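Student: Please take me closely through one helix pair in this model, and then follow the description outward to the other helices and strands.

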Amino acid sequence: MEKTPLSEMETRMTRFKELMSSSNPDWEMAVIFGKINLYYFTGTMQDGILIIPRDEDPTFWVRRSYHRALDESIFPSIRPMRSFRDARHDFKTLPDTVYLETEMVPLALYHRFTKHFNFNEFKAVDPYLAAVRAVKSDYELSLMRKCGKIHQHVLEDLTPEMLREGMSEADLAVELFSVLVKEGHDALTRFGMFDNEMVLGHLGFGDSSIYPTYFDGASGTRGISPAAPVLGSRERKLRNGDLVFVDVGCAVDGYNTDKTMTYMFGSPLPEHAIEVHKRCVEIQNEIARLLKPGNIPSEIYKHIMDSLDEEFLENFMGFEDRKVTFLGHGIGLLIDELPVIAEKFDEPLQEGMVFAVEPKNGIKDVGMVGIENTFIVTSRGGECITGTNPGLIPVF
């Protein structure tokens, strides 16, 4: 088991404290509850809280499992607790204000916490955590590159061999999931989106890939049932002439890449669908060219959108009225991180940010065409770490 290096954890904490001090000079304490941020700072995901005072060293108070935390992490200060009361005894006084993850801490948990930590006010720490996590270290990028190689191999080399006439979407999803795990995938696809559940991603044959879904993405999937809109339909079988759409995540040691590949099964798609797909690939490559430090995500978005004609825009990034208003998203410990290639994201790109770029277009009676790959922001433009195959792989 490879543990997160101590130098890596120290650098992350230093960057976080420096950002908090420059943005909020009067901050005194932040408390982390969420398992993703706990893992980011401590290298382990346990039931507990990480208390970060501005002028003192942070402490990870663990309810369960303290012993597992010690086994998995070399974080300098890990202490056991039965309840928040134990952690409270470590502080003679408390500041008036605490910074919390307001996007994910439930109200009931907040009340249990403030029963012992009686702060007068809370403020959101979420944007500062997101900003620190958005810029990846060499250590993080090495994990994402490893993940990208697995992703590329499975979707570009192995998936075409899985496609068989008469198999269901669910059959393909289960086989694809199994192969991904065997190749090194963590078996989890994590999102920050509130109350979101996802087993693998979006997978569909033909127009299943444009079926309506609550998920905030360009594509769709029918899923198993209304209670489980995941994996794929047991009823929809693969037929000659189908478009096969596969948009799935892959993760290694918690770090994700995102990739979409398409396949033509049995015979080519209609020529107009192929042309729309090629245009999406061109858009991806143009966005990748612009993923350089200093460029502005909102300006990249506007540049692309202004270059597209009305006919193409009709079902670009979705189908009919189910379109999304972004072209790509940050990615790391979560599939959906900040920043986003969309309006109102006006902070310049930084070297080491990572984006999933995903131009797609829904076509009636065909399905969702397009592409998605994961890119690292560099001075030379986006470095693709998930492969360069343009999709629409023929499986005849």
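Tutor: Helices H7 and H8 are oblique to each other, a class that takes what remains once angles under 35 degrees are called roughly parallel, those over 145 roughly antiparallel and those from 65 to 115 roughly perpendicular. Because this is a predicted model, local features need pLDDT of at least 70 and side-chain atom pairs count only at pLDDT 80 or more, while totals for chains, interfaces and linings use all residues. Residues are numbered from 1 along each chain as its sequence is written, and side-chain values use heavy atoms, with hydrogens and water left out. Helices (H or I, at least four residues) and strands (E, at least two) are DSSP runs numbered from the N terminus.

H7 covers residues 138-162 and H8 covers residues 169-183, and the two pack at an angle of about 140° with their axes 10 Å apart; the axes are lines fitted to C-alpha atoms, for helices over the stretch in contact, and the angles run from 0 to 180 degrees between N-to-C directions. Their crossing is right-handed, that is, the near helix is turned clockwise from the far one by less than a right angle, where anticlockwise would be left-handed. From H7, the contact (heavy atoms within 4.5 Å) draws on Ile 150, His 153, Val 154, Leu 155, Leu 158, Thr 159 and Met 162, and from H8 on Leu 172, Glu 175, Leu 176, Val 179, Leu 180 and Glu 183. By class, this contact holds nine nonpolar, two polar and two charged residues, where Ala, Val, Leu, Ile, Met, Phe, Trp, Tyr, Cys and Pro count as nonpolar, Asp, Glu, Lys and Arg as charged, and the others, Gly among them, as polar.

H7 also carries Asp 157, which is partly exposed at a relative accessible area of 41%; buried means under 20% and exposed over 50%, with partly exposed in between (1.4 Å probe, protein chains only). Between the C-alpha atoms of Asp 157 and Met 261 there are 11 Å in space, although the two are 104 residues apart in sequence.

A second helix pair can be described in the terms already set out. H1 (residues 6-23) and H6 (residues 126-134) pack at about 135°, again with axes 10 Å apart, and are therefore oblique to each other, while their crossing is right-handed. Arg 12, Arg 15, Phe 16, Leu 19, Met 20 and Ser 23 of H1 meet Tyr 128, Leu 129, Ala 131 and Val 132 of H6 in this contact, which divides into seven nonpolar, one polar and two charged residues. H6 is itself mostly covered, with seven of its nine residues buried, including Tyr 128, Leu 129 and Val 132.

Among the other helices, H2 (residues 35-42) is mostly covered, seven of its eight residues being buried, and the residue that follows H2, Gly 43, has a positive phi near 80°. Leu 70, in helix H3 (residues 66-72), is partly exposed at a relative accessible area of 39%, and beyond residues up to four places away in sequence Leu 70 touches Lys 3 and Ile 78.

Turning to the strands, an open sheet of five runs in the order S13-S12-S14-S17-S18 with antiparallel pairing, where two strands pair if DSSP finds at least two bridges between them. S13 (337-341) and S18 (383-384) stand at the edges with a single partner strand each, so one side of each is left without a neighbour in the sheet. At one edge, S12 (residues 328-330) and S13 pair in the antiparallel sense over three bridges, His 329 stands opposite Val 340 of S13, and a hairpin of six residues joins S12 to S13. S13, although an edge strand, is mostly covered, with four of its five residues buried. At the other edge, S17 (residues 373-376) and S18 pair antiparallel over two bridges, and Phe 375 has Cys 384 in S18 as its bridge partner.

One further pairing joins S7 (residues 201-205) to S8 (residues 243-252): the two run antiparallel and share five bridges, with Leu 203 opposite Val 246 in S8. S7 is mostly covered, five of its five residues being buried.
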